[in-house]
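Morning, everyone. I have one structure to go through today, so please look at it while I talk.

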Amino acid sequence: MSGLIDGIPDAIALLCLARVPFFHHLQLQLVCHLWRDALRSPNFLKARQETNASQDFLCVLAFEPDNVWQLYDPLMDDWITLPALPTQIRHLVRFGVVTLHGKLFVLGGGSDNVDLLTGERDGTFATNEVWAYDPLLRLWARRAPMLFRRAMFACCALDGKIVVTGGFTTPRESILKSEIYDPEKDVWEPLPDLNHTDDSACSGVVIGSKMHVFHKRLSLVQILEDGKDRWTVKDYSLPQGLMAVVRGELYVLNNVVVFKQDMGEQGARREFPLPEDLLSRIEFGMIGLEDAIYVVGGVIVRPNQFIKLSSDVDVMNVRRVTPTWQKVKPMSQCRGNVLGCAVLTI
């Protein structure tokens with residue numbers, strides 16, 4: 001007799017449980033202690049990979065509520081609310097976010113908290129703290145801090161590790177320092193410095209298995225080479241705007257159009273206009289998930305100065321012959337300007 005399912009070996013029973021959509025896992029854990037322990041074990045993620053049951057989820061942190069992330073399940077077209085991030089920093093902003101090995105990592109950043117009575121801000125601009133969320137355990141855990149305090153920096157998952165670089169330590173002090181994190185050892189180590197910095201935020205994306213760092217006002221791109229021993233500089237003359245990577249291809253939002261950007265020598269572009277109702281939204285998030293671009297949340301601004309925090313989600317499948325935008329279920333808890341978004345594979 002099996003411990004998990006009567007009459008079935010535990011190894012096979014685990015594969016059966018692995019095929020159940022993640023949206024129902026909380027209910028599965030309530031069945032019995034054996035199922036709960038099985039669904040929280042490291043072997044469970046491996047079982048989901050072996051059965052091709054792994055799913056991609058959209059992770060979003062918006063202005064409201066404070067430090068609460070939500071996961072969007074495209075399969076169920078529904079949202080899951082995570083436990084609040086247990087940091088002491090109120091209204092965390094300017095942080096880095098990345099997913100790796102089935103966990104969500106939130107790194108650095110500072111507070112945007114304002115005292116409603118005095119109007120004074122919290123004063124914390126940049127920290128080095130690191131948090132990881134385990135969706136199987138449904139718990140946040142503090143990890144080893146970064147070597148440097150950072151805000152508005154580039155952050156990517158690369159070759160099973162996390163690379164962070166650039167950004168600011170104070171509102172006026174930018175930083176060239178780079179470092180790499182090994183999640184298995186919970187250790188940070190230094191990497192070569194960037195070649196240059198700028199008085200603007202930087203971001204990072206992985207294209208062609210290499211980390212590319214973009215500064216907000218510069219056309220130059222800094223690329224971490226395969227050996228991670230140096231940064232090279234190229235000028236792709238990219239348009240300025242939000243960026244998303246879909247199946248290894250870069251898309252850039254510039255004004256009212258999303259460009260598909262060829263990172264080769266030709267620099268060819270394909271244009272996708274934004275839908276009319278998106279033209280009145282600002283401060284939204286944009287990210288690639290499977291074959292689509294997702295535009296999430298933001299603030300709706302009308303000509304008469306009417307302002308509304310949005311929880312809407314618009315999706316465009318860029319692989320279709322004629323891509324069109326459509327709406328999916330809006331965020332159930334979060335709304336407003338998007339502070340961070342990432343794709344988590346569970």
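How far apart do the end C-alpha atoms of residues 8-48 lie, and what share of the span is helix and what share strand? The distance between those two end atoms is 18 Å. Helix makes up 68% of the span, and strand 0%. I picked this stretch since UniProt, in an unreviewed entry, lists residues 8-48 as "domain: F-box". Keep in mind that this is a predicted model.

Next, the inside. The largest nonpolar core has 34 residues, and those touching the most other members are Trp69, Leu71, Leu104, Trp140 and Ile346. Several elements give two or more residues to this core, including helix H3 (33-39), strand E2 (69-73) and strand E31 (335-345). Helix H1 supplies the largest share, 4 residues.

Take Leu71 as an example. Leaving out residues up to four places away in sequence, Leu71 touches Phe22, Leu58, Cys59, Asp78, Trp79, Ile80, Leu82, Leu344 and Ile346. Apart from the core that holds Leu71, there is another core of 17 residues, with Leu58, Ala62, Val315 and Val328 among them.

Last, a pocket. The second largest pocket encloses about 240 Å³ of space. It is lined by 15 residues, and the closest to its centre are Pro42, Leu45, Lys46, His101 and Lys103. Which helix gives the most to that lining? Helix H4, residues 42-50, with 4 residues. Sorted by class, the lining holds 5 nonpolar, 6 polar and 4 charged residues.

That is my part done.

Conventions:
Residues numbered from 1 in each chain as written. Predicted model: local features only at pLDDT ≥ 70, side-chain atom pairs only at ≥ 80, totals over all residues. Heavy atoms only, no water. 1 Å grid on protein atoms, 1.4 Å probe; cavity = no way out; pocket = protein on both sides within 12 Å on 5 of 7 lines; lining within 4 Å. Points joined across faces, edges and corners; volume = space filled by probe spheres on them. Nonpolar A, V, L, I, M, F, W, Y, C, P; charged D, E, K, R; others polar. Core = buried A, V, L, I, M, F, W, Y, C linked by side-chain atoms within 4.5 Å. Buried < 20%, exposed > 50% of the residue type's maximum accessible area, 1.4 Å probe, protein only. Contact = heavy atoms within 4.5 Å. UniProt positions renumbered as here; feature names shortened; annotations may be inferred.
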